Amino acid sequence: MSTIYAVGICVTFHGPSHWGEQYNSCTGKHQSPININSLDVKKVNLPPLVFNGFDIAPLQTNLTNNGHTVAVTVKSDHIPTISGGPLHGVYQYSQLHFHWGDNDTFGSEDMIDNHIFPMELHVVFFKRDYRNAKTALDHSDGLTVLAFFYEISSEDNPRYEEFVQLLGNVTNSHKTATFADPPSLKELIAQDLLHYYTYNGSLTTPPCSEVVTWIDFKEPIMLSHAQIEAFRALEDEEGHPLTHNFRPIQPLGDRVVLFNTDEIIKDVDLGVDVPPSEVENSNRVEEEVRKPSGSKQGKKGKDSGVARGTPVASWVLLGLASMALLTASRY
């Protein structure tokens, strides 16, 4: 049995397979995490994401081992907010936390093309209209989570140097350490903030509320093996190594994952599905119509007694004239 602290609430539960026994929402149809198949996503050109206050260092930044993960909270005169993209309204920073495994082959929650990353960062925001993260859970658009994946680099990431050092001060659960030089949020995330996947999902811990707009950035953050290994040295509430703090993959169901890109996407809605054979025949007809009057014809066109450049309107008039002559001959 474990106790975790998710977006401002405290819950106690057994493993993921038992969550549905206590929380009905954990068996919902729009759960997270998911495996994102890049071949099945819908490419879109969403409005730009607006990152406000991401480049401003907080007055104070605290790092806490809560027994389930390591979370970062801040005190600042300029709390970061995000808007734009798939979001409707302004979302305010709540906290960030991590998910990892006991080795470099797994640890992330969402997967891309069945690829598991060694660690994943979740930056949690609540919709400002709902005042705080707890009350935001009562609304279908209450939260957004910016997700960043980590990959292994041969060198340390200097932006995470103090972060990794502080992990040594919070080995035991419910320990907190304070940054001497608080980093801005921008320093902890990836640089490419244009290319991302987005879908509607849930919290990945109980109560599994389906209130999250997930934004998974394509570009990974690079950390060395030693830096990620420092997370694995943390302990849970029972003094055991704090690893495997990720939820198994959930069914995608009827959801569509969007991929934001800088490619120009031409959105054509024909309303009906046209069989490939009809499209091919249609294209051939268009090619025949566009041929100039002097263009070469096949054997049929050559042997035909019909003039090759005759406009369609002329054929209509000839037809009408023939009908008139036949009618007149009857009388």
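**Figure 1. The whole chain: 42% of its 331 residues count as buried.** This is a predicted model. The chain holds eight helices and 17 strands. Take the contacts between residues at least 6 apart in sequence: 72% of these contacts join residues at least 24 apart. The chain exposes about 18,400 Å². Carbon and sulfur atoms supply 53% of that area.

**Figure 2. A disulfide joins C26 and C208.** A disulfide is a covalent bond between the sulfur atoms of two cysteines. How many disulfides does the structure hold? The structure holds one. The sulfur atoms of C26 and C208 lie 2.1 Å apart. The torsion about their S-S bond is about 80°, so the disulfide is right-handed. Where do the two cysteines sit? C26 lies in the loop between α1 (19-22) and β3 (35-36). C208 lies in the loop between β14 (196-201) and β15 (212-217). The pair therefore ties together parts that are 182 residues apart in sequence. Are C26 and C208 buried or exposed? Both are buried.

**Figure 3. The second largest cavity encloses about 100 Å³ of space.** The model has two cavities of 30 Å³ or more. This view shows the second largest of them, which is lined by 17 residues. Which residues are the closest to its centre? They are P58, V74, P183, S184 and L185. Three elements give two or more residues each to the lining of the second largest cavity: β7 (70-75), β9 (91-100) and α4 (185-188). Sorted by class, the lining has 12 nonpolar and five polar residues. Charged residues are absent from the lining of this cavity.

**Figure 4. L252 sits in the loop between α5 (225-232) and β17 (258-260).** Is L252 buried, exposed or partly exposed? Its relative accessibility is 31%. Buried means under 20% and exposed means over 50%, with partly exposed in between. L252 therefore counts as partly exposed.

**Figure 5. L252 is in contact with I34.** Along the chain, L252 and I34 are 218 residues apart. In space, their C-alpha atoms are separated by 6.2 Å. What else does L252 touch, once its neighbours within four places in sequence are left aside? Besides I34, L252 is in contact with K29 and V257.

Note on methods
Residues are numbered from 1 along each chain as its sequence is written. This is a predicted model: local features need pLDDT of at least 70, side-chain atom pairs count only at pLDDT 80 or more; totals for chains, interfaces and linings use all residues. Side-chain values use heavy atoms; hydrogens and water are left out. Helices (H or I, at least four residues) and strands (E, at least two) are DSSP runs, numbered from the N terminus. Buried means under 20% relative accessible area, exposed over 50%, partly exposed in between (1.4 Å probe, protein chains only). Contact means heavy atoms within 4.5 Å. Accessible areas come from the Shrake-Rupley method with a 1.4 Å probe; for residues, only the protein chains shown count as cover. On a 1 Å grid over the protein atoms alone, a cavity is a set of points where a 1.4 Å probe fits but cannot get out, and a pocket is an open set with protein on both sides within 12 Å along at least five of seven lines; lining residues have an atom within 4 Å of a point. Grid points are joined across faces, edges and corners, and a volume is the space filled by probe spheres set on the points. Ala, Val, Leu, Ile, Met, Phe, Trp, Tyr, Cys and Pro count as nonpolar, Asp, Glu, Lys and Arg as charged, and the others, Gly among them, as polar. A disulfide is a pair of cysteine sulfur atoms within 2.5 Å.
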